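Work through the exercises below with the sequence and the model at hand. Each task is followed by a solution in steps.

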Amino acid sequence: VAARSGGAFPVHNPSTGAALASVPDMDAQDALSAIREASRAQKSWSTTTSKVRSGLLQKWHGLIKSNEEDLARIMTAEQGKPLSESRGEVAYGASFVEWFAEESKRIYGDVIPTISPSKRLLVIKQPVGVSALITPWNFPLAMITRKAAAALAAGCTTVVKPAEDTPLTALALAKLAEKAGFPAGVFNTITCSRDNVAAVGEMLATNESVAKLSFTGSTGVGKALMKLSGESIKKVSLELGGLAPFIVFDSCDVDAAVKGAMMSKFRNSGQTCICANRFYVQAGVYDDFCAKLKEEILQLKVGDGFEEGVQQGPLINRRAVEKVQSHVEDAISKGAKVECGGSPHELGGTFFQPTLLTRCSQDTLAAREETFGPIAPIIKFDTEDEVIALANDTPYGLAGYFYSRDIGQIWRLAEALECGMVGVNDGMVSTEVAPFGGIKQSGTGREGSKYGIDEYLHVKYICMGNI
């Protein structure tokens, strides 16, 4: 569907800078049209049986899986991540469609013990209605399926607004949803440039026909959308910025901790909301951990995501490079030592060297702000109580990681860390069967798991009298 204005904007490959395609540059009026289409379809979609919805989701899942290579190549072209990671994301994203296809048949209510012989009390769950889904560029496929599959399974129609940097993956998903047989108006997609994103976001957040808004992105934008959504009291779920601590205790298996650190920190070139942002390493293993981590970082192959063996692609744009560079320079000014990397890569463009910083302190930007780039700042600590205080000294609380073989310590840390997800001796926590989400200023609500579908459902109590 073309934009009302006829306008379009280019999508570029962040690795080469080449223009890939032009897509419709939609505005607030286009968003309103999509909302109206979703509203018209909502009544009939909400009354389809769970078996029908499940079947359509299963077809969508099959089409995503059978088109895995094409989707992965589109993703690498517009986002830059290595092709192997893009293939992994397609599989990960498809898993949510399969999961919620199954969960759609398990939207159970309750029968409540009565307070009177003449009354019967029950609870049913019903779809909230039209759902606006605003997704980021770092996982352009999985962030859509994680939201949309839950909404569709619950009986909600959707309006998806993908990031302006990565709309092609979203449009490919929409085409596959159409092929799967979803009725017109059930799955709608709005693409727009940065010039129109604020107006489109405001329309989605303020329009009273939209009952639910789900957003993944920065905390600042999330706060603004939550405030706008408050005017019409929408149901809101937010997955916002992270500042994940990665803690390494003396009792740990250092080799396992290094392996976990590499997975958590350098996947997608550090451009993930749950990646380790700051490392705390206990004094007894500090030197050993840093030396082994440096050895692994130096082996990372940086390059175009389509090149065989590449493990680190480019950052998404020039602003991302500037932010990463500012975090490195700030750390150096406060006494940090660059063990490797530390500057833009010789490949040019938006490539940045995988970087290890030692002798860092808690007052550095890298320990206070989400970096979204391939730098690992290491802070030394002595005691468990000290590192708990350091890890929790932040307004954010999305994910946290620690490595220890002390079972008592494992329980204490897992309970003490102020975050929505904790990886214990594991640097990769994401799965469709577990709840994904944060606390504090990292958001509200959960995605995936049996809890994810509840974000798109109302609970209705029915009291039947004069039985």
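The exercises that follow concern a predicted model and deal with its cores, cysteines, cavities and pockets.

**Exercise 1. The nonpolar cores**

Find how many residues the largest nonpolar core has and which have the most contacts inside it.

Solution.
- Step 1. The largest nonpolar core comprises 47 residues. Those with the most contacts inside it are L57, W60, I64, F100, L152, F182 and F187.
- Step 2. Assign the core to helices. At least two core residues come from each of helix 1 (28–46), helix 2 (50–66), helix 3 (68–79), helix 4 (83–103), helix 5 (142–154) and helix 6 (167–180). Helix 5 makes the biggest contribution, ten residues.
- Step 3. Examine F187. Apart from neighbours within four places in sequence, F187 contacts W60, I144, A148, L152, T158, V160, A174 and A177.
- Step 4. Look for another core. A second, separate one has 32 residues, including A261, A376, L398 and M421.
- Step 5. Set this against the general pattern: nonpolar side chains in soluble globular proteins tend to be buried together.

**Exercise 2. The cysteines**

Count the disulfides, using a cut-off of 2.5 Å between cysteine sulfur atoms, and decide whether C275 is buried or exposed.

Solution.
- Step 1. For C275, the nearest cysteine sulfur belongs to C273 and is 8.2 Å away. This distance does not meet the cut-off of 2.5 Å, so C275 is in no disulfide.
- Step 2. For C419, the nearest cysteine sulfur is also that of C273, at 13 Å, and C419 is likewise in no disulfide.
- Step 3. The count for the structure is zero disulfides.
- Step 4. Buried means under 20% relative accessible area. C275 has 4% and is therefore buried; C419, at 13%, also counts as buried.

**Exercise 3. The largest cavity**

State how many cavities of 30 Å³ or more the structure holds, and describe the lining of the largest cavity.

Solution.
- Step 1. There are four cavities of 30 Å³ or more, and the largest has a volume of about 60 Å³.
- Step 2. Its lining has 14 residues, of which P245, R278, Y396, E418 and C419 are the closest to the centre.
- Step 3. Two or more lining residues come from each of strand 10 (244–248), helix 13 (384–392) and strand 15 (396–397).
- Step 4. By class, the lining has nine nonpolar, three polar and two charged residues.

**Exercise 4. The two largest pockets**

Determine which helix gives the most to the lining of the largest pocket, then describe the second largest pocket.

Solution.
- Step 1. The largest pocket holds about 1,100 Å³ of space. Among its 40 lining residues, W137, F215, G217, S218 and V221 are the closest to its centre.
- Step 2. Helix 7 (197–206), strand 8 (212–216), helix 8 and helix 11 (318–333) each supply two or more lining residues. Helix 8 gives the most, with six.
- Step 3. The lining divides into 17 nonpolar, twelve polar and eleven charged residues.
- Step 4. The second largest pocket holds about 620 Å³. Of its 23 lining residues, V1, A174, F187, N188 and T189 are the closest to the centre.
- Step 5. Helix 1, helix 6 and strand 7 (187–189) each give two or more residues to this second lining; the largest share, five residues, is from helix 6.
- Step 6. Its classes are 14 nonpolar, five polar and four charged residues.

Key. Residues numbered from 1 in each chain as written. Predicted model: local features only at pLDDT ≥ 70, side-chain atom pairs only at ≥ 80, totals over all residues. Heavy atoms only, no water. Core = buried A, V, L, I, M, F, W, Y, C linked by side-chain atoms within 4.5 Å. Buried < 20%, exposed > 50% of the residue type's maximum accessible area, 1.4 Å probe, protein only. Helix = DSSP H or I, 4+ residues; strand = E, 2+ residues; numbered from the N terminus. Contact = heavy atoms within 4.5 Å. 1 Å grid on protein atoms, 1.4 Å probe; cavity = no way out; pocket = protein on both sides within 12 Å on 5 of 7 lines; lining within 4 Å. Points joined across faces, edges and corners; volume = space filled by probe spheres on them. Nonpolar A, V, L, I, M, F, W, Y, C, P; charged D, E, K, R; others polar.
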